[in-house]
Amino acid sequence: MNAMGAIIRRDLLMVMRRKSEVLTALFFFVIVSSLFPLGIGPEPALLRKIAPGVLWVGALLASMLGLQRMFAADHADGTLEQMVISPTPLVLLVFGKIVAHWLVSGLPLVLIAPVLGMQFDLDVSALGVLMLALLLGTPLLSLIGAIGAALTLGVRGGGVLLSLLVLPLYIPALIFGAGAVQAHISGLGADGHLSLLAAILALAAFFAPWAATAALRIALE
Amino acid sequence: MSNRLINWFRFSSPHNFYPLAGKMIPVFWMLTALFGVAGLWMGFFVAPTDAQQGEGYRIIFIHVPASWMSMVIYMAMAAWAAVGLSLNARLSSMMAQALAPTGALMAFLSLWTGAFWGKPMWGTWWVWDARITSELILFFLYLGFMALQASIDDPRRADKAGAVLALVGAVNVPIIYYSVVWWNTLHQGSSINLTKSSMAVTMMWGMLLMALCLWMYSIAVALTRVRAIILEREAHTDWVKQLKEIKA
């Protein structure tokens, strides 16, 4: 557990030294979301309708940007090998790296989302649901993404390949995440969607680190 | 006892499996032709014209079996991949690799014929219906599996990485399916309702025969492909160099 905490602290520290990477993903999210009203038109009713989907797709793509770097730097300088031979189970360390990745690339999206939501004329309660859905959904993206990042470690054309592998697996998160906000706006209540999202998150939090660990071992063989 | 065990695993070695597959392929092609002719005859000449859908419905004789096969092949692929990963068996991983393109073909056929069926029946090439959408996602999963294997140079690493992906995909398929079903029912109040007329017995038979035809086709093609993979990967071994077809 200490080792896991150390990994999280270390990854966060490294990101703080190179802030541009986090900010790039964040600005990507902001810019992509702002492009949609320009392309579709400024009618508030229409924007309210597309807001959940647009913001969620934007968040999906933004969280993909940093994925490839999750293990790449450690792989390049040999840190990853040290993690594999350390006495701490690798799966804990991988979990730590996933948590760090979420803190860096998922949490900022959750925090900026209400501002973007206002651009789309969402009301305050819908913004709350949006944040809650993203809070449950973005860790899911980091967990599933970790499997893809581990599988494509050191592989030719890894970036494009990674999106091909991971995006289909993101679909449940997208459906329930955007669905929660949509259901709330249409007065159906978001409870069902949020519960399902939380259930998938619980499943993924247990299984995804194992799969990512297996993939890392294969990559390092 | 130990002899028996050895016999049981005899064909898990590419060396022994290669000639066996060679003998099985013509049998499966013959069965493909047999079931195919029977199924098409049943579908085109015996099965009655549908009361509501006219002649166009006959596309289901290829559409439904192709959809079934796309799912069956994904399961078979994931199972072979799991065996290959857990027992470190080379041939099982090769089987998984050999099945993927056929599975992708089936998923594509299912979507394509579905579009041809949808245009006259529903008046549109595409609807975001739950089953169509999940079939599309299955197609994406096949593409991801093949792309991952193709981009890793070391075949053993490609096998294992592909196996992890296939297993993750297999766990995800039900989740994706149900999420799409619920998404669909929540968003599209009035989805297309197929008026379920009790299907004529002959239609059922035609579909079953065509399904068997596609099963046999898939096996024949997968075996042919696995033979090619064996040759490619074992090219450095003596037994491959001694094969008639290699020497010639």
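## Close-up views of chains A and B

**Figure 1. A:Asp121 in its loop.** A:Asp121 sits in the loop that runs between helix H6 (90-119) and helix H7 (124-151) of chain A. Keep in mind for this view and the others that the model is predicted. Although A:Asp121 is not a glycine, its phi is positive, at about 65 degrees. Is A:Asp121 buried or exposed? Neither label fits: A:Asp121 has 16 other C-beta atoms within 10 Å, so it counts as partly exposed, because that count lies between the 12 or fewer of an exposed residue and the 20 or more of a buried one.

**Figure 2. B:Asn88 in a loop of chain B.** Here the loop is the one between helix H3 (60-87) and helix H4 (90-122) of chain B, and B:Asn88 is found in it. B:Asn88 has a positive phi of about 55 degrees and, again, is not a glycine. This residue counts as exposed because it has 12 C-beta neighbours inside 10 Å, and a residue with 12 or fewer is put in that class.

**Figure 3. A:Ile40 and its contacts.** A:Ile40 belongs to helix H2 (residues 20-40) of chain A. It's an isoleucine, but don't look for it in the interior: with 12 other C-beta atoms within 10 Å, A:Ile40 is exposed. What does A:Ile40 touch, not counting residues up to four places away in sequence? The partners are A:Leu46 and A:Ile50. If you want a yardstick across chain A, take A:Ile40 and A:Ala190: they are 150 residues apart in sequence, and their C-alpha atoms are 26 Å apart in space.

**Figure 4. A:Ile144 in the nonpolar core.** The largest nonpolar core has 141 residues. Which of its members touch the most others? From chain A these are A:Ile144, A:Ala146, A:Ile147, A:Ala150 and A:Ala215, and from chain B they are B:Met77 and B:Val164. Zooming in on A:Ile144, and skipping its neighbours within four places in sequence, you find it in contact with A:Val166, A:Leu169, A:Tyr170, A:Ala204 and A:Ala208. As background, nonpolar side chains tend to be buried together in soluble globular proteins.

**Figure 5. Chain A around these sites.** Pull back a little and chain A shows nine helices and zero strands. Its radius of gyration is 18 Å, close to the 17 Å that the globule rule gives for 221 residues, so chain A is as compact as a globular protein of that length. Along the principal axes, its C-alpha atoms fill a box of roughly 55 × 30 × 30 Å. Buried residues account for 50% of the 221 residues in chain A. Take the contacts in chain A between residues at least 6 apart in sequence, and 79% of them join residues at least 24 apart.

**Figure 6. Helix H5 of chain B.** H5(B) covers residues 130-151, which is 22 residues. From its first C-alpha to its last it reaches 32 Å, close to the 32 Å expected at 1.5 Å a residue. Among its buried residues are B:Ile137, B:Leu138, B:Phe139, B:Leu141, B:Phe145 and B:Leu148. The buried list also includes B:Glu135 and B:Gln149.

**Figure 7. Where chain B meets chain A.** In this contact, 22 residues of chain B touch 22 residues of chain A. On the chain B side, the elements giving two or more residues are H5 and helix H6 (155-187). H6(B) supplies the largest share, 13 residues. By type, the chain B side divides into 16 nonpolar, four polar and two charged residues. The model scores ipTM 0.84 and pTM 0.86.

**Figure 8. B:Ala170 in helix H6 of chain B.** B:Ala170 lies in helix H6 of chain B, and with 17 C-beta neighbours inside 10 Å it counts as partly exposed. Its contacts, leaving aside neighbours within four places in sequence, are B:Met75 and B:Ala78. B:Arg58, 112 residues away along the chain, has its C-alpha atom 31 Å from that of B:Ala170.

**Figure 9. Residues 188-197 of chain B, a stretch to treat with care.** Over these residues pLDDT stays under 50. The model has eight contacts for them beyond four places in sequence. Where pLDDT is low, the predicted coordinates shouldn't be read in detail. For chain B as a whole, the mean pLDDT is 84, and 90% of its residues reach 70 or more.

Key. Residues numbered from 1 in each chain as written. Chains lettered and ligands numbered in written order. Predicted model: local features only at pLDDT ≥ 70, side-chain atom pairs only at ≥ 80, totals over all residues. Helix = DSSP H or I, 4+ residues; strand = E, 2+ residues; numbered from the N terminus. Expected span 1.5 Å × (residues − 1). pLDDT = per-residue confidence, 0-100. Contact = placed C-beta atoms within 7 Å. Core = buried A, V, L, I, M, F, W, Y, C linked by C-beta atoms within 7 Å. Nonpolar A, V, L, I, M, F, W, Y, C, P; charged D, E, K, R; others polar. Rg over C-alpha atoms; globule rule 2.2 N^0.38 Å.
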